[in-house]
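User: Please go through this structure with me by question and answer, with the reasoning kept short.

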Amino acid sequence: MTTRSDAVAERRPAYLSDLAAGTERFFDERRESCPWCDSKQLGVLLRTTDVMQHKPGVFVLESCKDCGHVFQNPRLNDDGLEFYYRDFYDGLGEENMNKIFGTKRAGHDGRTHMVAAQVKPKQWLDVGTGHGHFLADAKRVLPDTEFDGLDRTDGVLIAQQKGRVRKAYQGSFVDLAPEFAAEYDVISMYHYLEHTADPKAEMAAAAAALPVGGHLAIELPDPECAWAKLLGKWWISWLQPQHLHMIPIANLRSELKSLGLTVVSEQRAEPHNGQDVVSAAVLAINAGLIGGEDLAWRPAPPTRARALVRKVAFNASVPVLALAYLVDRVSAAVGGGRGLSNTYRVLARKTS
């Protein structure tokens, strides 16, 4: 049986080869204007490293002073996206991600009930579906709805094999959307647009694919959340370097309107997942102990002594994590509607 250490060792030569020329080749040229409104009034919001996987590189988020759009600048190119996504959702990270997504039922049900309050869909396409955990939960709420999934990764094929989706599309949504024009009465993009190079093009493709009366459901991390400023680079929803765009809700509303979509439901407090502080604590503690973790993109595995120190130190941090968890519980109860919600949802109907 292949152990995790064996899998890490197997991947190490490829990672070290990729890193031999440095990380600069993973980025496009820096933009001089906002990708949302084309304003040149930009300012650096955040400089950070990869605080999740700890792969090498420095990432910059800039904010538009006119429209508030936040975006990675310079942005990762295709080679960079492949490098930093590798072993996050699949490969070395697949088991962990499956555990995380398998515990999101309450949030999944919230998404489904928001749509079901407006329409009883016959066919629903989930874009960026990953391994299809959301659709498996949605099927419980809407057993008569047929659910299909689309993703760039092999995760969508796994979702089909496990019976979580009826039909699996693999590839670019913008490229594939014309194939199923007017086929789906609901298209969902949950935590998808922030990962895309051109979210406006993705939304336009969805609007074109929907029939009149069809619905587009979107869920996004909220860059206007107070935790974003309070926690800085440790706010997990920044998720650098994966999140290329962070869209204020007013910008999303305006774009939907321009595409002939009318917002029929909106949630800002309800989607809050209540894990900002404890996630920040885990990230910060883990960053301080990174030398003791066996990572394929580091030249060699840690010594036994360093691995032991990491384990002992992490166990000693349990009281800090417990306090952080308590702060999250209290803030979720009283602050969801006071600017502390980290996520928002919007449901829009195609009217023209």
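The turns below cover a sheet, the nonpolar cores, a pocket and some backbone details of this predicted model.

User: In the open sheet of 4 strands, which strands stand at the edges?

Analyst: The strand order in this open sheet is 1-2-3-9, and the pairing is antiparallel. A strand at the edge has a single partner, so one of its sides is left without a neighbour in the sheet. The strands in that position are strand 1 and strand 9 (245-246).

User: What is the bridge partner of V70 in strand 9?

Analyst: Strand 3 (residues 70-72) runs antiparallel to strand 9, and 2 bridges join them. V70 also belongs to the lining of the second largest pocket. Its bridge partner in strand 9 is M246.

User: Which element gives the most residues to the largest nonpolar core?

Analyst: This core has 36 residues, and F173, I187 and L252 have the most contacts inside it. Elements that give two or more residues to it include strand 4 (123-127), helix 7 (173-176), strand 7 (186-190) and helix 10 (249-258). Strand 8 (215-221) and strand 11 (343-350) are also among them. The element that gives the most, with 5 residues, is helix 8.

User: Beyond its neighbours within four places in sequence, what is F173 in contact with?

Analyst: F173 is one of the residues with the most contacts inside the largest nonpolar core. I187, another of those residues, is itself in contact with F173. The full set for F173 is L125, V127, L150, F180, I187, M189, Y192, E202, A205 and A206.

User: How many residues are in the second, separate core?

Analyst: Nonpolar side chains tend to be buried together in soluble globular proteins. Here a second core is separate from the largest one, and L61, C225, W227 and L289 are among its members. C225 also lines the second largest pocket. The number of residues in this second core is 19.

User: Is strand 11 mostly covered or mostly uncovered, and how many of its residues are buried?

Analyst: Strand 11 pairs antiparallel with strand 8 through 7 bridges, and with strand 10 (residues 261-267) through 6 bridges, also antiparallel. Strand 11 also gives two or more residues to the largest nonpolar core. The strand is mostly covered, and the buried count is 7 of its 8 residues.

User: Which residue of strand 11 is the bridge partner of I218, and which stands opposite S265?

Analyst: Strands of a sheet pair through backbone hydrogen bonds. For I218, the bridge partner in strand 11 is V346. Opposite S265, the strand 11 residue is L347.

User: Which element supplies the largest share of the lining of the second largest pocket?

Analyst: The pocket holds about 220 Å³ of space. By class, its lining comprises 8 nonpolar, 2 polar and 2 charged residues. Strand 1 (42-48) and helix 9 (226-231) each supply at least two lining residues. The largest share, 3 residues, comes from helix 9.

User: Where are P74 and P241, whose preceding peptide bonds are cis?

Analyst: The bond from N73 to P74 is cis, with omega near 5°, and the bond from Q240 to P241 is cis, with omega near 10°. P74 is in the loop between strand 3 and helix 2 (78-85). P241 is in the loop between helix 9 and strand 9.

User: D87 and L239 have positive phi without being glycine; are they buried or exposed?

Analyst: D87, in the loop between helix 2 and helix 3 (94-101), has a phi of about 65°. L239, in the loop between helix 9 and strand 9, has a phi of about 35°. The limit for burial is under 20% relative accessible area. D87 has 9% and L239 has 13%, so D87 is buried and L239 is likewise buried.

User: What is the relative accessibility of T112?

Analyst: T112 lies in helix 4 (residues 105-116). Leaving aside neighbours within four places in sequence, T112 is in contact with W124, F134, A138, V141 and L142. T112 counts as buried, and its relative accessibility is 0%.

Technical notes
Residues numbered from 1 in each chain as written. Predicted model: local features only at pLDDT ≥ 70, side-chain atom pairs only at ≥ 80, totals over all residues. Heavy atoms only, no water. 1 Å grid on protein atoms, 1.4 Å probe; cavity = no way out; pocket = protein on both sides within 12 Å on 5 of 7 lines; lining within 4 Å. Points joined across faces, edges and corners; volume = space filled by probe spheres on them. Nonpolar A, V, L, I, M, F, W, Y, C, P; charged D, E, K, R; others polar. Pairing = 2+ DSSP bridges. Core = buried A, V, L, I, M, F, W, Y, C linked by side-chain atoms within 4.5 Å. Buried < 20%, exposed > 50% of the residue type's maximum accessible area, 1.4 Å probe, protein only. Contact = heavy atoms within 4.5 Å.
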